[in-house]
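Work through the exercises below with the model open. Try each task before reading its solution.

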Number of protein chains: 2
Amino acid sequence: MGKKLTSRKEDYSKWYNELVVKADLAENSAVRGCMVIKPYGYAIWEKMQSELDKMFKATGHQNAYFPLFVPKSLFEAEEKNAEGFAKECAVVTHYRLKTDPEDASKLVVDPEAQLEEELVVRPTSEAIIWNTYKNWIQSYRDLPILINQWANVVRWEMRTRLFLRTAEFLWQEGHTAHATKEEALAETQLINGLYADFSENFMAIPVIQGIKSESERFAGAEETYCIEALMQDGKALQAGTSHFLGQNFAKAFDVKFATQSGGLEHVWASSWGVSTRLMGALIMTHSDDNGLVLPPNLAPIQVVIVPIYKGLEQLEAISKVAFQIKKELLAVGISVKFDDRDKFKPGYKFNDYELKGVPLRIAIGPRDLENNVVELARRDTLEKKSIPLTALTDHIKTTLDTIQKDLFNKALGYREEHITEVDNFEDFKSVLADKGGFISAHWDGTAETEETIKKKTKATIRCIPLNEVPSKGKCVYSGKPSSQRVLFAKAY
Amino acid sequence: MGKKLTSRKEDYSKWYNELVVKADLAENSAVRGCMVIKPYGYAIWEKMQSELDKMFKATGHQNAYFPLFVPKSLFEAEEKNAEGFAKECAVVTHYRLKTDPEDASKLVVDPEAQLEEELVVRPTSEAIIWNTYKNWIQSYRDLPILINQWANVVRWEMRTRLFLRTAEFLWQEGHTAHATKEEALAETQLINGLYADFSENFMAIPVIQGIKSESERFAGAEETYCIEALMQDGKALQAGTSHFLGQNFAKAFDVKFATQSGGLEHVWASSWGVSTRLMGALIMTHSDDNGLVLPPNLAPIQVVIVPIYKGLEQLEAISKVAFQIKKELLAVGISVKFDDRDKFKPGYKFNDYELKGVPLRIAIGPRDLENNVVELARRDTLEKKSIPLTALTDHIKTTLDTIQKDLFNKALGYREEHITEVDNFEDFKSVLADKGGFISAHWDGTAETEETIKKKTKATIRCIPLNEVPSKGKCVYSGKPSSQRVLFAKAY
């Protein structure tokens, strides 16, 4: 395992790609654009899943599972949604292979096993789910429906990158049905807030909550809420979206309910999701040139103990202390690994755990034993301290909390420094080129201006932020009146 | 919700289908052979997942994720495996839809977006995983690899039934790599034992551990271990399998490792899985004509409280007590629901929770309040008792444990009564026709005899049981020498 990563300064994109592979998070597979999520990367994803799942359940949602395939006729029912995803659909056309008549060791698609109707591998599940909800909803008594599903989806992207954009990815998708517009909208906002809470307080990733412009909206939505994060290279990353779908899918699938007052109305809907893309956000928010940096909440191993020894006798004495430390840490819910593998040198181990972002490293040598101390190193600051054994567990607990907060504050500081108010297009271009980050600028509200700015600068409107008090001004490009600043950025 | 199920005696198969739908476990979808797993059914599956996942991790396994698709050329590499699954493969041939030139509201497959190589939707993942392991394994130091994945798989079955046989199903699949034959075989056996433990001690389903005959073996395996359960209609159900793959996949994908002594050898492998089929086993082992019966370990709601009242005042008084009970039960980790919905009558609620298999029901009426008691009803025995409030939590804890054990013992009793030793083919046929269950009979070890018996009786060899002391005898069909009795049954 060659440790040396390309530095971020040298080549940010290369740094990312190398880090993902060298830290054993994921790798490309034999299937174009599809990744293999390796055990270490998957363990981090499991921690995200587990926390999100708890949060969904605590807000009244239940999990269910809907089919992987969407018959083409259902897929095309909601026109905008279909149009938005048609260009990147994996399509199943046959259900059998047979022996190649020309080479018995090969298989070919059996032309006699063609499906009457093609099946789309779900790029998102609104169509199949709303076709199901149709049978579940008759009356207001059947509402709301608050369902989430953990699943894989496929979008045939042409340019893929591990975690950030892959043909197949893992995600959760919530699909809710409501009796009123207000309730569906409240649900959409509730979940966007939940995503922001999760991102900031669990993943230590600061995000801006906002609304998408029409051209960046989810295909089939009336309004898309989002959380936007900022990566260390000054590019934004959409970390989660929550869509208010209005009655679009209810109309496409003819889902009506008898109201309490005896009427018959179309159902209101929301859908929302976060995906393994969050792994990319996590990596690019916290990590450094030595490798991954993990917030303690997400670290599969929070503390690693590395013995520094010569000969079995020293190892034995150190092991005794190490096992005691491990026991105490496990007892307070801290995950810990004692790496006593003899075939690797301490220096190799230090590098490896740095690369893998283990938040705290304990090193114990013979002299430490004599003095009843250990050396404790923080992954985020690389700071080392000698800590008395008697105070170790408490010290580690506090330090893990501190690291979690420090990582958030560091990222928040960076993000705050990288929101720049700009009032003319020359500044817009130069800030984008020299500094990066979010540009807060007035926009005239038209898709044309948005498109022109995108063409000229590659920056898009990331969101119309929710927390901002609207203030009137003039569009940074067209000079036309604008009612609010929006956030532009180059984005992943 | 019409409660009345078809009885098992009347039509077992219909009873099963009705129960699955009426208890809100699952339903058929718009996609041929694919099911929708509804929240209540999925909550049960989540409990299985969570327990199994813990057991896998406790035995040193890690989770990872591999692609949904298998390129055809990889799929065909292991010949037997390919041959076994080729006939039921969903095949992706295109990656784009376009607007139908003849009808702008429709989509058609874009013929210009044909894949160079077709992709098989995984029916099982040995091929894609061993193609990946090839890059992970160079030396004995890289072994063992102990990986599990939770995933969906697709097998294009012609005749499908909810949970028991569906085109798409959910499962876990373990794929391990080892330096020696002994180690791979030990892993295969370890997991089969783990499955038996899980099935019996968590799901209360007694199983027989055994080995499959060659014709029932997994395509590509050297040996298939299995756990076999017995349903209430006397048919067997294969509940889990663990395969010793020998070096078959290592050879197909050229996976070699440098041994400690400097040689170069092919890697040894195991693979193993259980699926949502377990839901079918669960339902058919314990349930009755009133609906689902759930072991407390798997019940999303373990205790339901139903108030019996007239008017708001009574409801309020009962609610006070109900909330106190709920609080106490939750405090000791028992899941409980207080159903105070006013729009449904107690009788309706009783039926509904019976249908859904909630293990314990508490009913509280005004007279119970006066006497400081509640009525407690067991779902499995339908027995009702008046229990003093002061002793309630303890009583419920004990009763839940008792139900868990009673369900296992009841099922075990049934299973034991339905293993019949048979020594001639006339008895074989009559026992199979009149009594059902497992038939323990001598078999000459040939695929021909096995096939003939299957043709004549529809019974197959479920397994060569592990726990039986081999005793010589004569084949029940051919009269040829046999070294051990095997278990025959009709099976799901």
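Two strands count as paired if DSSP finds at least two bridges between them. The model is predicted.

**Exercise 1. Sheet order**
Task: State which strands are the edge strands of the open sheet of chain B.

Solution:
- Start with the strand order in chain B: β3-β9-β10-β16-β13-β12-β11-β24-β27-β23-β22.
- That makes an open sheet of eleven strands, with mixed pairing.
- Look for strands that pair on one side only: these are β3 (62–63) and β22 (419–421) of chain B.
- Now take one pair inside the sheet. β11 (residues 208–211) and β12 (residues 223–230) of chain B run antiparallel, joined by four bridges.
- Within this pair, B:I211 has B:Y225 in β12(B) as its bridge partner.

**Exercise 2. The A–B contact**
Task: Find how many residues of chain B are in contact with chain A, and which strands are joined by bridges.

Solution:
- Count the contacts: 55 residues of chain B touch 54 residues of chain A.
- Sort the chain B side by class: 34 nonpolar, nine polar and twelve charged.
- Check the strands. β5 (residues 91–94) of chain A and β5 (residues 91–94) of chain B are antiparallel, with three bridges.
- Locate one position there: A:H94 is opposite B:V91.

**Exercise 3. One residue**
Task: Is B:I129 buried or exposed?

Solution:
- Place the residue: B:I129 belongs to helix α5 (residues 126–136) of chain B.
- Apply the cut-off: buried requires 20 or more other C-beta atoms within 10 Å.
- B:I129 has 28, so B:I129 is buried.
- List its contacts beyond four places in sequence: B:F66 and B:H175.
- Finish with a distance. The C-alpha atoms of B:I129 and B:E328 are 48 Å apart, with the residues 199 apart along the chain.

Definitions and conventions:
Residues are numbered from 1 along each chain as its sequence is written. Chains are lettered from A and ligands numbered from 1 in the order in which they are written. This is a predicted model: local features need pLDDT of at least 70, side-chain atom pairs count only at pLDDT 80 or more; totals for chains, interfaces and linings use all residues. Two residues are in contact if their C-beta atoms, placed from the backbone, lie within 7 Å. Ala, Val, Leu, Ile, Met, Phe, Trp, Tyr, Cys and Pro count as nonpolar, Asp, Glu, Lys and Arg as charged, and the others, Gly among them, as polar. Helices (H or I, at least four residues) and strands (E, at least two) are DSSP runs, numbered from the N terminus. A residue is buried if 20 or more other C-beta atoms lie within 10 Å of its own, exposed if 12 or fewer, and partly exposed in between; C-beta atoms are placed from the backbone.
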